[in-house]
Amino acid sequence: MTIELDEISNEDTAIESKFDLLIVLQQAPYSSASANEALDLALAAGTFEQKVALLFIEDGVYQLMSEQAPDALQQKSLEKMINALSFYGVSMLAVESHSLFERDLHPEKHIIQGVHFELLNTKSIQDLYDRSKTIIRF
Amino acid sequence: MDSLPERDPQGFLVNLNDWTPSVASDIANTEAITLTDAHWEVIKLLRHFYQEYELSPAMRILVKLCKEKLGDEKGNSIYLLQLFPGSPAKLASKIAGLPKPTNCL
Amino acid sequence: MTTLHTLNRSPADTQLFKQLLSTIRVGDTLLLLEDAVYYCIKNNLNRTIQDIEVFALKDDVHARGIPFEGSDVKLASYEEYVRLTERTDKLINWY
């Protein structure tokens, strides 16, 4: 009886912070299709009501630059895809703060406004990995 | 109708800039649909969505979009199937001059 | 003898940049392409390579949303890219 109660309460408290899918984006945009494919997967998983988290890390943080204008490269704007994530039900966007720091990027100055990002340190990233059922790295 | 701009084998516009409301009516005619205000409401919604996100929404997202902007009565697949029979997301995108939706499952 | 160095990798590829630094000489020109245009954000580029003229390809800079005010790097179009290859004796691509 006690054990059953414990199980139920555990599930209840953790339900907000568990993810079906964690997509790790670690490459810069436009020089390869990696970022585009990762965001496509995020939109598709969001469409099917999976609980999705995105983690932007290393050169992947360059995907968050505001004022991207890839018309001359004949590519789709990642900035617009990132803005669409919340409508597609993607619930959590995380950025590793050290990756921003290393690249002289400032959230207020360089990063897309109007989208909420969680700034995470190394410890909270480990925690995010632990809370995610499936992890796919791009 | 001979004036329809270039389209791909599935009937989607090759150049999205070729779209005009009269092109929309012509494409709809080739699909045996006569556009009503109810159709236009969805078409405008789709075009606005595309301007903002550069994405053609697949079915589930189209339903969600209609639900949010037009209310529960119109935000369901039965309503959309009546307007755009068969495959609403694909057909509505085609008429609205958007690319074919990906993840069209 | 002058060389045009083109660099395609992001600042995260420190090994490649080290090799470039050991090779580049005063009077050479550096042209940043693709992910290397992110060097325009790094504050320390001009301190690292003094007396080298640095360009970045305009289309790649704009695509990536890189703010350009106050940078010592010059923007180059594709035509200017060609002119840079003409005015130097040889070319090394760092990829």
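**Architecture and contacts of a predicted three-chain complex**

The secondary structure of chain B consists of five helices and zero strands, and these elements follow one another along the sequence in the pattern α-α-α-α-α. The coordinates belong to a predicted model, for which the predictor reports an ipTM of 0.78 and a pTM of 0.81 for the complex. The C-alpha trace of chain B spans about 40 × 25 × 20 Å along its principal axes. Its radius of gyration is 13 Å, which agrees with the value near 13 Å that would be expected of a compact globule because chain B has 105 residues. Of these 105 residues, 30% are buried. Among the contacts in chain B with a separation of 6 or more, 52% join residues that lie 24 or more positions apart.

Chain A takes part in contacts with chain C and with chain B. Between chains A and C, 16 residues of chain C are in contact with 19 residues of chain A. The side of chain C that touches chain A is made up of seven nonpolar, four polar and five charged residues. Of the two pairs of chains that touch, the pair formed by chains A and C has the most contacts. On the other side of the comparison, eight residues of chain B are in contact with eleven residues of chain A. The side of chain B that touches chain A comprises four nonpolar, two polar and two charged residues. Chain B and chain C, by contrast, do not touch, their nearest C-alpha atoms being 16 Å apart.

In chain A, five strands form an open sheet with parallel pairing, and their order across the sheet is S4-S3-S2-S1-S5. Its edges are strand S4 (118-120) and strand S5 (132-137) of chain A, each of which pairs on one side only. Neighbouring strands of this sheet are turned by 25° against each other on average, when direction is ignored. Within the sheet, strand S1 (residues 19-25) and strand S2 (residues 52-56) of chain A pair in the parallel sense over five bridges, and Leu21(A) stands opposite Val52(A) in S2(A). Helix H2 (residues 34-47) of chain A packs on the sheet and touches S1, S2 and S5 of chain A, with a direction that makes about 165° with that of S1(A).

Confidence varies along chain A, whose mean pLDDT is 87, with 88% of its residues reaching 70 or more. Among the elements of this chain, helix H1 (residues 2-14) has the lowest mean pLDDT, at 41, whereas S2(A) has the highest, at 97. Over residues 1-16 of chain A the pLDDT is below 50, and beyond near neighbours in sequence this stretch has zero contacts in the model. Where pLDDT is low, the predicted coordinates should not be read in detail.

Chain C averages a pLDDT of 90, and 96% of its residues score at least 70. Five strands of chain C form an open sheet in the order S4-S3-S2-S1-S5, and the pairing is parallel. Strand S4 (74-76) and strand S5 (90-94) of chain C are the edge strands, each pairing on one side only. The average turn between neighbouring strands of this sheet, direction ignored, is 25°. Strand S3 (residues 53-57) of chain C pairs with S4(C) in the parallel sense over three bridges, and Leu75(C) in S4(C) is the bridge partner of Ala56(C).

One loop position of chain C, Ser10(C), has contacts in both chain A and chain C. Ser10(C) lies in the loop between strand S1 (3-7) and helix H1 (14-23) of chain C. This residue counts as buried because 21 other C-beta atoms lie within 10 Å, the cut-off for a buried residue being 20 or more. When neighbours within four places in sequence are left aside, Ser10(C) is in contact with Ala28(A) and Asp59(A) from chain A, and with Asp35(C), Ala36(C) and Tyr38(C) from chain C. Ser10(C) and Thr88(C), which are 78 residues apart in sequence, are separated by 24 Å in space, C-alpha to C-alpha.

Note on methods:
Residues numbered from 1 in each chain as written. Chains lettered and ligands numbered in written order. Predicted model: local features only at pLDDT ≥ 70, side-chain atom pairs only at ≥ 80, totals over all residues. Contact = placed C-beta atoms within 7 Å. Nonpolar A, V, L, I, M, F, W, Y, C, P; charged D, E, K, R; others polar. Helix = DSSP H or I, 4+ residues; strand = E, 2+ residues; numbered from the N terminus. Rg over C-alpha atoms; globule rule 2.2 N^0.38 Å. Buried ≥ 20, exposed ≤ 12 C-beta atoms within 10 Å, placed from the backbone. Pairing = 2+ DSSP bridges. Axes fitted to C-alpha atoms, helices over the stretch in contact; angles between N-to-C directions. pLDDT = per-residue confidence, 0-100.
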